[in-house]
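Please examine the model shown below before reading on. The paragraphs that follow lead from the chain as a whole to its helices and then to single residues.

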Amino acid sequence: MKSKRQIQKENTRQKILDTAYRVYMEQGFGAPTAEIAREAGVSHGSVFSHFQSLNELLECLIEGFGTSLALEIRRLAEESGSVEELLEMHLVILSRHEEFYTRLMTERSLLPKEVQYTFANTQTTIAHHFSRIFEEEINKGTIKDIPTHMLYSTWLGMIHYYLWNKDFFAPQGPVISRYSRELKDTFLTLIRC
């Protein structure tokens with residue numbers, strides 16, 4: 001059984017991560033840790049008593065975010081009966097995290113290499129679940145026999161293009177919810193037999 005102190009420490013750590021998610025989403029990954037501490041209501045030193053470095057904070061944040069996405073995709077892939085259902089649900093998941101995901105995509109190259117690798121590992125896990133559904137439909141003859149990594153890369157490329165250019169496509173609101181049907185329908189048109 002955990003002590004009251006251990007529970008408090010875990011709660012503070014989670015509060016710092018939740019606050020970092022929000023601050024980075026709003027201000028970008030260049031936001032200072034002092035801002036995260038202030039918004040979390042903890043001392044600046046407290047951030048570094050829970051995370052040894054900024055890199056560790058970022059790795060934990062991105063790993064937690066990525067793991068959450070990967071688990072949702074895995075569940076959907078197991079329950080999904082088709083590529084179309086999986087694409088729809090992927091867009092729903094991304095729309096819930098659109099602002100943070102967009103920051104991650106647009107600022108990824110500015111992050112430390114370890115953090116970039118952490119997110120790349122998550123994308124690889126998600127790609128694996130997509131590949132299984134793609135392979136099933138290729139075998140059924142419902143979609144073209146295209147390498148599954150290219151199918152996934154094309155799908156992500158379409159989404160990322162719209163996110164990177166949000167200021168053109170949806171300057172006043174979320175881009176994924178606005179274009180989700182068009183993205184899904186266009187991709188399906190490209191890959192169906």
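**The chain as a whole**

In the protein chain, which has 193 residues, buried residues make up 46%. The model is predicted. The protein chain contains 10 helices and 0 strands, and from the N terminus on its elements accordingly read α-α-α-α-α-α-α-α-α-α. Along its principal axes, the C-alpha trace of the chain spans about 60 × 45 × 25 Å. How are contacts distributed along the sequence? Among contacts between residues at least 6 apart in sequence, 68% join residues at least 24 apart.

We begin with the helix at the start of the numbering. Helix 1 covers residues 4-27. At 1.5 Å a residue, its 24 residues should span 34 Å, and the end C-alpha atoms are indeed 34 Å apart, so the two values agree. The buried residues of helix 1 are Thr12, Ile16, Leu17, Thr19, Ala20, Val23, Tyr24 and Met25. Helix 2, helix 3, helix 4 and helix 6 are among the elements that cover them. Just after helix 1, Gly28 adopts a positive phi of about 95 degrees.

Gln14 is also located in helix 1. Is this residue buried or exposed, or something in between? Gln14 counts as partly exposed because its relative accessibility is 41%, and the partly exposed class lies between 20% and 50%. Between the C-alpha atoms of Gln14 and Leu76 there are 26 Å in space, and the two residues are 62 residues apart in sequence.

Helix 3 offers another partly exposed residue. Phe48 lies in helix 3, and its relative accessible area of 33% makes Phe48 partly exposed. Leaving aside neighbours within four places in sequence, Phe48 is in contact with Thr33, Ser53 and Leu54. The C-alpha atoms of Phe48 and Ala37 are separated by 9.8 Å, with their positions 11 residues apart along the chain.

Helix 4 comes next. With 26 residues, helix 4 reaches 38 Å from its first C-alpha to its last, close to the 38 Å expected at 1.5 Å a residue. Which of its residues are buried? They are Leu57, Leu58, Leu61, Ile62, Phe65, Gly66, Leu69, Ala70, Glu72, Ile73, Leu76 and Ala77. What covers these buried residues includes helix 1, helix 2, helix 3, helix 5, helix 6 and helix 7.

One of these neighbours deserves separate attention. The axes of helix 4 (residues 54-79) and helix 7 (residues 113-140) come within 8 Å and cross at roughly 5 degrees. Helix 4 is therefore roughly parallel to helix 7, since angles under 35 degrees are classed in this way. Sorted by class, the contact of helix 4 with helix 7 has 12 nonpolar, 7 polar and 6 charged residues.

Aromatic rings provide a further view of the model. How many aromatic pairs are there? The count comes to 15 aromatic pairs. In one of them, Phe130 and Phe134 form a tilted pair, with 5.8 Å centre to centre and 50 degrees between the planes. Both residues lie in helix 7, 4 residues apart, which is about one turn of the helix. Phe130 is buried, and Phe134 is buried as well. Elsewhere, Tyr21, Tyr24, Phe29, Phe65 and Phe100 form one aromatic cluster. Within this cluster, Tyr24 is a buried residue of helix 1, while Phe65 is a buried residue of helix 4.

Gln123 is likewise found in helix 7. Why does Gln123 count as buried? Its relative accessibility is 13%, and buried means under 20%. Not counting residues up to four places away in sequence, Gln123 touches Tyr101, Tyr152, Leu156 and His160.

The last residue to consider is Trp155, which is placed in helix 8 (residues 148-164). Trp155 counts as buried because its relative accessibility is 0%. Apart from neighbours within four places in sequence, Trp155 is in contact with Leu87, His90, Leu91, Phe130, Leu183, Lys184 and Phe187. Phe130, named here again, is the partner of Phe134 in the tilted pair. In addition, Trp155 and Thr186 are 31 residues apart in sequence, and their C-alpha atoms are 9.9 Å apart in space.

Conventions: Residues numbered from 1 in each chain as written. Predicted model: local features only at pLDDT ≥ 70, side-chain atom pairs only at ≥ 80, totals over all residues. Heavy atoms only, no water. Axes fitted to C-alpha atoms, helices over the stretch in contact; angles between N-to-C directions. Helix = DSSP H or I, 4+ residues; strand = E, 2+ residues; numbered from the N terminus. Parallel < 35°, antiparallel > 145°, perpendicular 65-115°, else oblique. Nonpolar A, V, L, I, M, F, W, Y, C, P; charged D, E, K, R; others polar. Phe/Tyr/Trp six-rings, centres within 6.5 Å; stacked < 30°, edge-to-face > 60°. Buried < 20%, exposed > 50% of the residue type's maximum accessible area, 1.4 Å probe, protein only. Expected span 1.5 Å × (residues − 1). Contact = heavy atoms within 4.5 Å.
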